[in-house]
Amino acid sequence: EIYVDIREHAWFAIILVGTLILAAGVSVGFLWRHKTAQFYQKQYETELERQALIQHFAYLSKYANDIILLTDHELKIVEANDRAVQSYGYNRDELLKLNVRKLRSTETPLLDEFVKQVEVHKGMIFETVHQRKDGTTFPVETSIRVIEVEGKKFYQSIVRDITERKRAEQEREKLIQELQEALTKVKKLSGLLPICASCKKIRDDKGYWNQIEGYIHDHSEAEFSH
């Protein structure tokens, strides 16, 4: 009888503590579930962004106006975009069996020298001449970068056809040369010379009369024979 109240209070305490523990467990469970849901939601969003970026860069690479090649450490082509297939005249399967050396004109310097420079500077931009399947050539500007994927070394090349640029440069140089020749001729032939009909001497800007051969020799590149 003495311990009846104590037992009642003990059972009440046990029930209360159990209820609190259960409530705490439920709260922790809901919190853990919420955090887990947030984590998986974040992972899902991150994966969506990653896939979007992969598709974005794949689209850029596939439909880029420049040739994009990926070669291994032996310069064997392991990936090429559509522009490369169109530019070189090989189909995709043929292109992926080639070494990039096959795409260079035989008149160009050895590629190994450029590769050494790429290794030193981790990248390089240079001009060279490439060759199509049918043997025709075209000038290009090549940008090469070294990239590593899971410990393996690759070379990424972005190749731009500069045929139009070279043609424009040649036309500009030709035009400059023609203008220089025209200006030279104008310099030799321009001007009116006051010459005496009797003694054939020429009067200069100071009013002095000079022998015709001496005046022309001093004021032009023309020379008199005997």
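**Exercise 1. What covers the buried residues of helix 4?**

The model is predicted. Work through helix 4 from its inner face outward.

Step 1. Helix 4 spans residues 111-121, and its buried residues are L111, F114, V115 and V118.

Step 2. Viewed along the axis of helix 4, these buried residues fall within an arc of 105°, so they line one face of the helix.

Step 3. The cover over the buried residues of helix 4 includes three strands: strand 3 (123-131), strand 4 (137-149) and strand 5 (152-161).

Step 4. K116 and V120 are exposed on the other side of helix 4.

Step 5. After helix 4 comes K122, which has a positive phi, near 65°.

**Exercise 2. Decide whether S157 is buried or exposed, and list its contacts, leaving aside neighbours within four places in sequence.**

Step 1. Locate the residue: S157 belongs to strand 5. Strand 5 is also part of what covers the buried residues of helix 4.

Step 2. Apply the cut-off: a residue is buried when its relative accessible area is under 20%. The relative accessibility of S157 is 8%, so S157 counts as buried.

Step 3. With neighbours within four places in sequence set aside, S157 touches I67, I68, L69, T142, S143 and I144.

**Exercise 3. Find how many aromatic pairs the structure holds, and classify the geometry of Y88 and F138.**

Step 1. The count is 1 aromatic pair.

Step 2. The ring centres of Y88 and F138 are 5.9 Å apart and the ring planes stand at 45°. Planes under 30 degrees apart would count as stacked and over 60 as edge-to-face. An angle of 45° therefore makes the pair of Y88 and F138 tilted.

Step 3. Place both partners in the chain: Y88 is in helix 2 (residues 82-88) and F138 is in strand 4, 50 residues apart, and the pair thus links distant parts of the chain.

Step 4. Check the burial of each partner. Y88 has 0% relative accessibility and counts as buried. F138, at 2% relative accessibility, also counts as buried.

**Exercise 4. Identify which residues form a nonpolar patch on the surface with F12, and state how L16 is classed by accessibility.**

Step 1. The patch consists of F12, L16 and L20, which together have about 330 Å² of accessible area.

Step 2. L16 is located in helix 1 (residues 4-63).

Step 3. A value between the buried limit of 20% and the exposed limit of 50% is classed as partly exposed. L16 has 42% relative accessibility, so L16 counts as partly exposed.

Conventions: Residues are numbered from 1 along each chain as its sequence is written. This is a predicted model: local features need pLDDT of at least 70, side-chain atom pairs count only at pLDDT 80 or more; totals for chains, interfaces and linings use all residues. Side-chain values use heavy atoms; hydrogens and water are left out. Buried means under 20% relative accessible area, exposed over 50%, partly exposed in between (1.4 Å probe, protein chains only). Helices (H or I, at least four residues) and strands (E, at least two) are DSSP runs, numbered from the N terminus. The arc is that of the directions from the helix axis to the C-beta atoms. Contact means heavy atoms within 4.5 Å. Rings of Phe, Tyr and Trp (its six-membered ring) pair if their centres lie within 6.5 Å; planes under 30 degrees apart count as stacked, over 60 as edge-to-face and the rest as tilted. Patches are made of residues with over 30% relative accessible area and no salt bridge: like charges are joined within 9 Å, nonpolar side chains (Val, Leu, Ile, Met, Phe, Trp, Tyr) within 5 Å. Accessible areas come from the Shrake-Rupley method with a 1.4 Å probe; for residues, only the protein chains shown count as cover. A salt bridge is a side-chain nitrogen of Lys or Arg within 4 Å of a carboxyl oxygen of Asp or Glu.
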